[in-house]
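Hi everyone, thanks for making time for this. Let me put the structure up, and then we can walk through it together.

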Amino acid sequence: MQRLFIVAAIGFLAVSFGCATKKHVRQEVSRIDTEMESIESSVEQGQVRLKEHDSKIADLSRETQEALERAQSAEKLAQGKLLYEVTLKDEDVRFAYNKANLSDNAKDILQNLVNQLKADNKNVYIEVQGHTDAHGTPDYNLKLGEERADAVRRFLSESGIPLHRISTISYGETRPIADNKSKEGRSTNRRVVIVVLE
C-alpha cells in the first residue's frame, strides 16, 4: 500500500512538473513574441525616420544646387557686358495694380525675346528686374516686385531658356521712372526690365 502511494506521488509530481514546464515555456514564448513585436515596431519607426531624413537631404541638396546656380549666375551677370534691355511697360503689357500676372501681350513680347535669344545662339545671361509703384509698404512692394520678376523668369524657363542663365531681383518701389503722384505715372512704374548680358 505504501509502495502504491509512493508510485502515485511520483506520477503526480511528474505530471505537475510537466505542466509547470509547459506553462513556463508558454510564458517565455509569449514574452519573446512581445519583445519581437517591440523590436519590429522600433525597426519600422527607424526606417520611417530614415526615409524622412533621406527626403530632407534630397530637398536640401536641390535647394543648395539652385542657390549655387543662382550665385554663379549673379557672378556672371556682374561681369557681363550689356547687350540690350527689354521693358514690359507699355499700357497693354503693364502689370495691374497689386498683380504679378503676365498679360497675353506681355507673353507675346517675351516669346519674341526667347525667339531672338535662340536665333542668336549666344551664351547670354539674363537679369529680370521687378518694379512697383509707391502704393503699399516698402516690404510689400519688394515682395510684389519679386513676384513679377519670377513670373517672367518662369515664362522664359518654360519657353526653353535655362534657369541657371536667369537671375531675378526686385527693386520694389525704389527705382521709379515716372511720378507716383499720377495714375499714369504709377502704371508706368509697375514694370519688369529684362537685361540681357553677354
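Here is a question to start with: by class, how many nonpolar, polar and charged residues does the lining of the largest cavity have? Keep it in mind for a moment while I add that what you see is a predicted model.

The answer is two nonpolar, four polar and three charged residues. The count comes to one cavity of 30 Å³ or more, and the largest cavity has a volume of about 40 Å³. Its lining is made up of Tyr97, Asn98, Thr132, Asp133, His135, Asn141, Leu144, Arg148 and Arg190.

Let me pick one residue out of that lining, Asp133. Where does Asp133 lie? You will find Asp133 in the loop between β2 (125-131) and α3 (138-158). Is Asp133 buried or exposed? Asp133 counts as buried, because its relative accessibility is 4%, and the cut-off for buried is under 20%.

So what does the side chain of Asp133 do there? One partner is the side chain of Arg190, with a polar contact at 2.9 Å. Another is on the backbone: a polar atom of the Asp133 side chain lies 3.0 Å from the backbone nitrogen of His135. If we leave aside residues up to four places away in sequence, Asp133 touches Tyr97, Asn141, Glu173, Asn180, Arg186, Asn189 and Arg190. Tyr97, Asn141 and Arg190 also appear in the cavity lining.

That brings us to charge pairs. Side chains of opposite charge can pair when their charged atoms come close. How many salt bridges does the structure hold? There are three.

We have already met both partners of one of them: Arg190 forms a salt bridge with Asp133, and the closest N and O atoms are 2.9 Å apart. This pair links distant parts of the chain, with Arg190 in the loop between α4 (183-189) and β4, Asp133 in the loop between β2 and α3, and their positions 57 residues apart. Arg190 has 12% relative accessibility and therefore counts as buried, and Asp133, at 4%, counts as buried too.

Next up is Lys81 with Glu198, where the closest N and O atoms are 3.8 Å apart. Here, too, the pair links distant parts of the chain: Lys81 is in the loop between α1 (2-79) and β1 (82-88), Glu198 is in the segment after β4 (192-197), and they are 117 residues apart. Why does Lys81 count as exposed? Because its relative accessibility is 52%, and exposed means over 50%. Glu198, at 38%, counts as partly exposed.

The remaining pair is Lys143 and Glu147, whose closest N and O atoms are 2.6 Å apart. Both residues lie in helix α3, four residues apart, about one turn of the helix. Glu147 counts as partly exposed because its relative accessibility is 33%.

Finally, a look at the pockets. The largest pocket has a volume of about 170 Å³. Which residues line the largest pocket? They are Leu117, Lys118, Asn121, Lys122, Asn123, Val124, Ile126, Gly160, Ile161, Pro162 and Arg165. By class, that lining has five nonpolar, three polar and three charged residues.

If you take one residue home with you, I'd suggest Asp133: a buried residue that lines the largest cavity and forms a salt bridge with Arg190. Thanks for listening, and I'm happy to rotate the view for anyone.

Technical notes: Residues numbered from 1 in each chain as written. Predicted model: local features only at pLDDT ≥ 70, side-chain atom pairs only at ≥ 80, totals over all residues. Heavy atoms only, no water. Helix = DSSP H or I, 4+ residues; strand = E, 2+ residues; numbered from the N terminus. Buried < 20%, exposed > 50% of the residue type's maximum accessible area, 1.4 Å probe, protein only. Polar contact = N/O pair within 3.5 Å; in protein donor to acceptor, adjacent residues only side chain to side chain. Contact = heavy atoms within 4.5 Å. 1 Å grid on protein atoms, 1.4 Å probe; cavity = no way out; pocket = protein on both sides within 12 Å on 5 of 7 lines; lining within 4 Å. Points joined across faces, edges and corners; volume = space filled by probe spheres on them. Nonpolar A, V, L, I, M, F, W, Y, C, P; charged D, E, K, R; others polar. Salt bridge = Lys/Arg side-chain N within 4 Å of Asp/Glu carboxyl O.
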